[in-house]
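User: Please walk me through this structure with a few questions and answers.

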Amino acid sequence: MKELALHLLDIAENSLAAGAHHVTIKVVEDTHNDRLIMEVCDDGKGMDPEMVARVVDPFVTTRTTRKVGLGIPLLKAAAEACNGCLEIESEVGKGTCVRVSFQRSHIDRMPLGDLAGTLLTLLVGNPHVNWTFIYQVDGETYTFESQPILEILQDVPLTEPRVLAYLRQELENGISQVQKSTLLQKAT
Amino acid sequence: MPTIKSLDDLKRIREEALAKRKAKTTSGQVQITVAMGTCGIAAGARDTMKAILETIAEKNLEGIIVTQTGCIGLCEREPIVQITVGDQPKVTYGKVTPEVARRILEEHVLKGQVVQDHVVPL
């Protein structure tokens, strides 16, 4: 995988497999401390400590019983190669939080990539899930909630052509505005 | 905050969509499923999904449901897309790049012609 956004998509798929109703995806870029942090938290079925230990190790999970597979070990390796780490907090019946951090300026850090594309894919493919997306760059924040949008749309599906165009624009604008305002602050 | 204004836009889009729906009868629901396991994502499933959504928006295709699923055990054929048109049997496509996805929408969904060279026999 060449983008952090693709890893986010992959981790969020685990939340869906765990039967989550509410998934929060958070991406924080902190240029002062040179960190990039990504978090996926869900209210899915959760894992016991033994399972948590297992999902980070690709050689212990066996194919038939696996729940997560290669996705988590790949991301963990990518983070550790950039002075970062991957942590999983989970409780059976409560949910799971996967948190991964990188040294933002590290030469091996993958680019963030197409965040809007990842979110749109998750949202349209799983409209029954309540999505919260928080993107923060040095204190500037963009928050996206799927719930109010679904309440307005009611029986009109997200795949309605104009709704799709609207969602794409909303996400792309929100993300680029946060990035732009930080760049402006830098310039002044 | 631009959010409130944009939610008003959304309300308008909804009303227009409902008005349009009344004006014409939908012919046979189309369901598109994109496999989004780690294997699919690594093979480019998100860009395939993106191409499908873009084509729906560009060509103004109504009555299409797009969903996603996990790994279906055909990792070497990813990205995989399954299409069900109305009552017809489900067709599974493999190696669906964004270009192939656009072709499938154009030929299969719009004209009813299955794109034979990408069908995965199950």
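**Helix and sheet**

User: What sign does the phi of Gly19(A) have, and near what value is it?
Analyst: Helices (H or I, at least four residues) and strands (E, at least two) are DSSP runs numbered from the N terminus. This is a predicted model, where local features need pLDDT of at least 70, side-chain atom pairs count only at pLDDT 80 or more, and totals for chains, interfaces and linings use all residues. Residues are numbered from 1 along each chain as its sequence is written, and chains are lettered from A and ligands numbered from 1 in the order written. Gly19(A) follows α1(A), and its phi is positive, near 75 degrees.

User: Why is α1(A) largely enclosed by the rest of the structure?
Analyst: A residue is buried if 20 or more other C-beta atoms, placed from the backbone, lie within 10 Å of its own, exposed if 12 or fewer, and partly exposed in between. The helix is enclosed because, of the 14 residues of α1(A), the number buried is 13.

User: Which are the edge strands of the sheet in chain A?
Analyst: Two strands pair if DSSP finds at least two bridges between them. The open sheet has six strands in the order β3-β4-β2-β1-β5-β6 (chain A), with mixed pairing. Pairing on one side only marks the edge strands, β3 (85-91) and β6 (140-145) of chain A.

User: Which residue in β5(A) stands opposite His22(A)?
Analyst: Strands β1 (residues 22-30) and β5 (residues 130-137) of chain A run parallel, joined by eight bridges. Opposite His22(A) stands Asn130(A).
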